[in-house]
Amino acid sequence: QTHPHIHANPHKTVSWAMKLHALSITRWKHADASIKEPVHLSFAVDLSQLSFFQRGTVKEITALVLRTCVSKTNPGDYQRLEHEGNYIYIIARHNGLAGVCICDTEYPQRVAFAIITKLLDDFQEQNNNKFSEAKEDNCQPFADLDTAVQQYQDPAAADKITKIQKELEETKQVLYNTIDAVLARGEKLDDLIDKSDSLSMQSKKFYKTAKKHNQCCIVM
């Protein structure tokens, strides 16, 4: 089965115009000082066109990329990071939460930020601004995230929320960068993946193989 985010044949016509790959609600501030990295309270990845054997691997790598992007976004900032043909949009709030959206470069920026804003607002409201302090990912399930990954594959489906937030977003300065540019000097995302304790050997091998064959995975 063909990986939807790896284009084995560059001359083959793809059937989608744009793609939303993943969404997360992530806690960057922790009551437990021993937790050093952001924790995904809830995250969802579009796995609909992946084979069963690829799904766990892609989720693992995506979780690491989301975590890295949140850790490199300052509280109060709106940021867009570019990597290998995809954009990662991050909103980091002062209350300790961040929202992240990974999509391809064709997906409208205004829509991506509108979706993140709505999901953060709804998550906070549903949980009365009380967030799990657990250190494991997906420790505070949020069904709206899975729904949103499917519903907003077509950006037009987000027209209503985009219009509501248009004025707010226009006044907000967005920081533009690449993932490698915001990492520590000399650090690369490839190195972080290779050294990561949270990734299985299978995931690391999958990532290296995709890079070796110059294939564009959602998380690279």
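The exercises below work through the fold of a predicted model, from its overall make-up down to single residues.

**Exercise 1. Overall make-up**

Task: State how many helices and strands the protein has, and in what order the elements run.

Solution:
- Step 1. Counting the secondary structure gives seven helices and six strands.
- Step 2. Read from the N terminus, the elements follow the order β-β-α-β-β-β-α-α-α-β-α-α-α.
- Step 3. Of the 220 residues in the protein, 50% are buried.
- Step 4. The exposed surface comes to about 11,400 Å², and carbon and sulfur atoms supply 49% of it.
- Step 5. Among contacts with a separation of 6 or more, 65% join residues 24 or more positions apart.

**Exercise 2. The sheet**

Task: Give the strand order of the sheet and find which strands stand at its edges.

Solution:
- Step 1. Six strands form an open sheet in the order β2-β1-β5-β4-β3-β6, and the pairing is mixed.
- Step 2. The edge strands are β2 and β6 (174–178); each has a single partner strand, so one side of each is left without a neighbour in the sheet.
- Step 3. On average, and with direction ignored, neighbouring strands of this sheet are turned by 15° against each other.
- Step 4. At the β2 edge, β1 and β2 pair in the antiparallel sense over six bridges. Within this pairing, A22 stands opposite V45 in β2.
- Step 5. Helix α1 (residues 52–71) lies across β1, β2, β3 (78–83), β4 and β5, and runs at about 130° to β2.

**Exercise 3. Strand β3 and its two partners**

Task: Work out how β3 pairs with β4 and with β6, parallel or antiparallel.

Solution:
- Step 1. β3 and β4 run antiparallel and are joined by six bridges. One residue pair to look at is R80, whose bridge partner in β4 is Y89.
- Step 2. The two strands form a hairpin with two residues between them. In its turn, E84 has a positive phi of about 50°.
- Step 3. On the other pairing, β3 and β6 run parallel and are joined by five bridges. Here L81 has N177 in β6 as its bridge partner.
- Step 4. β3 is mostly covered, with five of its six residues buried.

**Exercise 4. The largest nonpolar core**

Task: Identify which residues of the largest nonpolar core touch the most other members, and which element gives the most residues.

Solution:
- Step 1. The core has 31 residues, and L23 and I115 touch the most other members.
- Step 2. Two or more residues each come from β1 (20–27), β2 (39–45), β4 (86–92), β5 (97–104), α2 (109–126) and α3 (143–151).
- Step 3. α2 gives the most, with nine residues.
- Step 4. Setting aside neighbours within four places in sequence, I115 is in contact with L20, L23, Y107, Y152, A158 and I161.
- Step 5. Another core, of 28 residues, lies apart from this one; its members include L47, I88, I179 and V182.

**Exercise 5. Helix α2**

Task: Compare the span of α2 with the expected value, and say how many of its residues are buried.

Solution:
- Step 1. α2 has 18 residues and reaches 26 Å from its first C-alpha to its last. That is close to the 26 Å expected at 1.5 Å a residue.
- Step 2. Of those 18 residues, 13 are buried, and the helix is mostly covered.
- Step 3. Just after α2, N128 takes a positive phi of about 50°.

**Exercise 6. Two single residues**

Task: Classify T68 and M18 as buried, partly exposed or exposed, and list what each touches beyond four places in sequence.

Solution:
- Step 1. T68 lies in helix α1. Its relative accessibility is 12%; the limit for buried is under 20%, so T68 counts as buried.
- Step 2. Beyond four places in sequence, T68 touches L183 and L192.
- Step 3. M18 lies in the segment before β1. At 24% relative accessibility M18 falls between the 20% and 50% limits, so M18 counts as partly exposed.
- Step 4. Beyond four places in sequence, M18 touches D104, E106, Y107, P108, Q153 and P155.
- Step 5. One of these, D104, is 86 residues from M18 along the chain, yet their C-alpha atoms are separated by 6.3 Å.

Terms used:
Residues are numbered from 1 along each chain as its sequence is written. This is a predicted model: local features need pLDDT of at least 70, side-chain atom pairs count only at pLDDT 80 or more; totals for chains, interfaces and linings use all residues. Side-chain values use heavy atoms; hydrogens and water are left out. A nonpolar core is a set of buried Ala, Val, Leu, Ile, Met, Phe, Trp, Tyr and Cys residues joined through side-chain atoms within 4.5 Å. Buried means under 20% relative accessible area, exposed over 50%, partly exposed in between (1.4 Å probe, protein chains only). Helices (H or I, at least four residues) and strands (E, at least two) are DSSP runs, numbered from the N terminus. Contact means heavy atoms within 4.5 Å. The expected span of a helix is 1.5 Å times one less than its number of residues. Two strands pair if DSSP finds at least two bridges between them. Axes are lines fitted to C-alpha atoms, for helices over the stretch in contact, and angles run from 0 to 180 degrees between N-to-C directions. Accessible areas come from the Shrake-Rupley method with a 1.4 Å probe; for residues, only the protein chains shown count as cover.
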